[in-house]
Amino acid sequence: MEHQLDINGKSFFVRDEGTGPVLVLVHGFPLDHTMWREQVEGLSNCCRVLSIDLRGFGKSTGPVDGISMKDFADDVAEILTELNIEEPVTFCGLSMGGYIAWQFWEHHRDRLSKLILCDTKAIGDDDAGKETREKVAQRVLQSGPEFLTAIMSGKLFAKRTLEEKSEIVNKVLQVIRNTLGESVAAASRAMAARPDFTNRLSEIDVPTLVIVGAEDAISTVEEMQSIANGIPQATIEIIPNAGHMAPLEAPEATNSAIRSFL
Ligand code: MLT
């Protein structure tokens, strides 16, 4: 089933499949809910899988200027309220979705039962990183998102995906191409402004699964291992032959890790 939920001047697309415990899937930058299609397919026989488009991405709309990671997390909480979901959910975020997961834990703890952190970071950006984000924001506002496809395709995927799974790569690049420049710019600035979460990891008090592609060039295995070490109830699953987009590149291994965790 698909919803288009109009909430306070925003409109959210949500794909809602299956029944059972709720699993909320939050995409990375600058993508949309379609990056989770293999999880919808593979996990909706054991839970209710909600894959959402964040504000400004995919088929979701709303004001994005000055948006923060906390605003995105608040949007997820509003979506759950609108769908009358009162039970605590498993929040699964990839990369930027993980930055939003930290905020969801901090500000909506009562709605959370478990966390799944895929290919993400706890640390904030350093000054050079912030500068790069601002350059991306300015360039995308000037000339649109096409330039990002070249930058991202080199970083998002494992070698095997690039060599053997061009359909996956092309679909992701097409999503990037279709994303509004103003949303890409706003999210880039929001990521630059996100707080460093490293010192909060020990406070996370829900069972947590950390998933990382063995070849992730953006959030490395080492970095994800230190997140798993920092969270008291965390376990880590390293997915072979996958990069930053592990859930899409290696869906069977990812889904089996999620299924055992749930
Ligand atoms: C993402 O996949 O969401 C981005 O690579 C995150 C980032 O640029 O930090």
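Visitor: What makes R133 a polar contact of the ligand?

Guide: A polar side-chain atom of R133 lies 2.8 Å from an oxygen atom of the ligand. A polar contact is a pair of N or O atoms within 3.5 Å, so this pair qualifies. One thing to keep in mind: this is a predicted model, where local features need pLDDT of at least 70, side-chain atom pairs count only at pLDDT 80 or more, and totals for chains, interfaces and linings use all residues. Residues are numbered from 1 along each chain as its sequence is written, and side-chain values use heavy atoms, with hydrogens and water left out.

Visitor: Which atoms of Y99 and F29 approach the ligand?

Guide: Y99 brings a polar side-chain atom to 2.5 Å from a ligand oxygen, while F29 has a polar backbone atom 2.7 Å from an oxygen of the ligand. The protein buries 93% of the 270 Å² that the ligand exposes when taken alone (Shrake-Rupley method, 1.4 Å probe).

Visitor: What surrounds the ligand?

Guide: Its neighbours are G28, F29, S95, M96, Y99, R133, M191, I218 and H244, each with a heavy atom within 4 Å. This shell divides into five nonpolar, three polar and one charged; in this scheme Tyr counts as nonpolar and Gly as polar.

Visitor: Why is the pair of W102 and F197 called stacked?

Guide: Its centres are 5.0 Å apart and its planes differ by 10°. Rings of Phe, Tyr and Trp (its six-membered ring) pair if their centres lie within 6.5 Å, and planes under 30 degrees apart count as stacked (over 60 is edge-to-face, the rest tilted), so both tests are met. W102 is in helix α3 and F197 in the loop between α8 and β7, 95 residues apart.

Visitor: What is notable about the peptide bond from F29 to P30?

Guide: That bond is cis, with omega near -10°, whereas most peptide bonds are trans. P30 is in the loop between β3 and α1.

Note on methods
Polar contact = N/O pair within 3.5 Å; in protein donor to acceptor, adjacent residues only side chain to side chain. Helix = DSSP H or I, 4+ residues; strand = E, 2+ residues; numbered from the N terminus.
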